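This report is an introduction for a reader who has not met this structure before. It moves from single residues to strands and helices, and it is best read with the model in view.

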Amino acid sequence: MTDDWRPTATIETLRERARLLAEVRAFFAERGVLEVETPVLGHGGSTDLHLASLSARATTPAGRERLWLQTSPEFAMKRLLAAGSGPIFQLARCFRDGEVGRRHNLEFTMLEWYRPGFTLDALVEETAELVHRVLGREPGEAGPPRRRRYRALFREALGIDPFTAPLAELRGLAEEKGGLAMRDAPRDDCLDLLMSLVIEPGLGREGIEVVVDYPASQAALARRHRDPEDGEWVASRFELYLEGLELANGYDELTDAAEQAARFEEDNAARRAAGLPEVDIDRRLVAALAHGMPEGSGVALGVDRLIQLALGKASVAEVMAFATPRC
């Protein structure tokens, strides 16, 4: 007999995990943020070209239907915001196909929260406060999170402007750094590879760093604004890094229903062009936005990664009861 029935985390680690999750709940209770639970299954999934959603066939009052396992609780939580919930948070089980490794698992825990009326800067500060609370220490040098502009990072690390560099140059750099055939790769695929292999490993080594002003094509469900440097459209979002790990991804939330519906359609068109399966659009989210969602900001944080850092573990599997290979 084999020992693959055993948990991937020790029982002592699971006790520490429970303690840290209690700290998360206490953090939001102190701030009057309501904990909610929303369905893991939904009629719409994530159309994002870079996410692989899992789905299941289920028998419902409408008959046999395809339901999507959430890659994030974002859609349902925004419907609650539109219904008047006020500030909310959730510790949610999420699923992304093909993502297994030191920093990834098919099933994982995401902390997501929304702050009506918050600016993106205010949410950056609150996210950093939560990270400090869970770690039980000031990471790296004390002080506020260091903000880094996406374009500046590429200029410093690679000597290129990611917004204006010719696609052929980006493909060549991506092939050189990644050792992969990138001759037909789209622009964002090249940028993502260069970001993950060249830039991300050095971020957050002396304390929390926050990357802002991503390309507008990477806005997802965030608003867009003009870069004061040259008027280029950029995404109104941030990613928070510590010790080379991306921990959180925050948005100045898009509230325009027509714009959101158009982005979903654009995503599926890009999926068709790339030979990927289309994903059902969440029409109820669009309806909620049309009803009216309050302006504000929201953020998703990888709980397993944060606990991994807090406990000094080498992989997320070590802080999960049963990681994907042993589920």
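Helices, labelled H or I and at least four residues long, and strands, labelled E and at least two residues long, are DSSP runs that are numbered from the N terminus. The model described here is a predicted one.

**Three single residues**

Arg19 is found in helix H1, which covers residues 11–30. With a relative accessible area of 42%, Arg19 is partly exposed, because that term applies to values between the 20% limit for buried and the 50% limit for exposed. The side chain of Arg19 makes a polar contact with the side chain of Glu16, at 2.8 Å. Arg19 can also be set beside Val134, for the two are 115 residues apart in sequence, while their C-alpha atoms are 9.4 Å apart in space.

Ala181 belongs to the loop between helix H5 (167–178) and H6, and its relative accessible area of 70% makes it an exposed residue. Between Ala181 and Arg171 the separation is 10 residues in sequence and 8.6 Å in space, taken from C-alpha to C-alpha.

Ser297 has its place in strand E12, which comprises residues 296–302, and at 1% relative accessibility it counts as buried. A polar atom of the Ser297 side chain lies 3.1 Å from the backbone oxygen of Phe118. When its neighbours within four places in sequence are left aside, Ser297 is in contact with a set of residues including Trp113, Tyr114, Arg115, Phe118 and Thr119, as well as Tyr251, Asp252 and Glu253.

| Residue | Place | Relative accessibility |
|---|---|---|
| Arg19 | helix H1 | 42%, partly exposed |
| Ala181 | loop between H5 and H6 | 70%, exposed |
| Ser297 | strand E12 | 1%, buried |

**An open sheet of three strands**

Strands of a sheet pair through backbone hydrogen bonds, and the pairing may be either parallel or antiparallel. In this model, 3 strands form an open sheet whose order is E2-E4-E3, with antiparallel pairing. Strand E2 (41–42) and strand E3 (55–60) are the edge strands, each of them pairing on one side only.

The pairing of E2 with strand E4 (residues 63–69) is antiparallel and runs over 2 bridges, and within it Gly42 has Trp68 of E4 as its bridge partner. E3 and E4 also pair in the antiparallel sense, in this case over 6 bridges, and they form a hairpin with 2 residues between them. Along this hairpin, the bridge partner of Arg57 in E4 is Arg66, while Thr59 stands opposite Arg64 of E4.

**An enclosed strand and its partners**

How many residues of strand E8 (residues 209–215) are buried? The count is 7 of the 7, so strand E8 is largely enclosed by the rest of the structure. E8 runs parallel to strand E7 (residues 146–149), to which it is joined by 4 bridges, and one of the pairs across them is Arg146 with its bridge partner Glu209 in E8. E8 is also joined to strand E10 (residues 233–242), by 6 bridges and in an antiparallel arrangement, where Val212 stands opposite Phe238 of E10.

**Helices in contact and under cover**

Two packed helices are described by the angle between their axes and by the distance between those axes. For helix H4 (residues 150–158) and helix H6 (residues 187–199), the axes come within 11 Å and cross at roughly 65°, and the crossing is left-handed. On the H4 side the contact is made by Tyr150, Leu153, Phe154, Ala157 and Leu158, and on the H6 side by Leu191, Leu194, Met195, Val198 and Ile199. Sorted by class, this contact of H4 with H6 has 10 nonpolar residues, no polar residues and no charged residues.

Helix H9 (residues 303–311) is mostly covered, with 7 of its 9 residues buried. The buried residues of H9 are Val303, Asp304, Arg305, Leu306, Ile307, Gln308 and Leu309. After H9 comes Gly312, a residue whose phi is positive, near 70°.

Terms used. Residues are numbered from 1 along each chain as its sequence is written. This is a predicted model: local features need pLDDT of at least 70, side-chain atom pairs count only at pLDDT 80 or more; totals for chains, interfaces and linings use all residues. Side-chain values use heavy atoms; hydrogens and water are left out. Axes are lines fitted to C-alpha atoms, for helices over the stretch in contact, and angles run from 0 to 180 degrees between N-to-C directions. A crossing is left-handed if the near helix is turned anticlockwise from the far one by less than a right angle, and right-handed if clockwise. Contact means heavy atoms within 4.5 Å. Ala, Val, Leu, Ile, Met, Phe, Trp, Tyr, Cys and Pro count as nonpolar, Asp, Glu, Lys and Arg as charged, and the others, Gly among them, as polar. Two strands pair if DSSP finds at least two bridges between them. Buried means under 20% relative accessible area, exposed over 50%, partly exposed in between (1.4 Å probe, protein chains only). A polar contact is a pair of N or O atoms within 3.5 Å; within protein, one must be able to donate a hydrogen and the other to accept it, and residues adjacent in sequence count only if both atoms are side-chain atoms.
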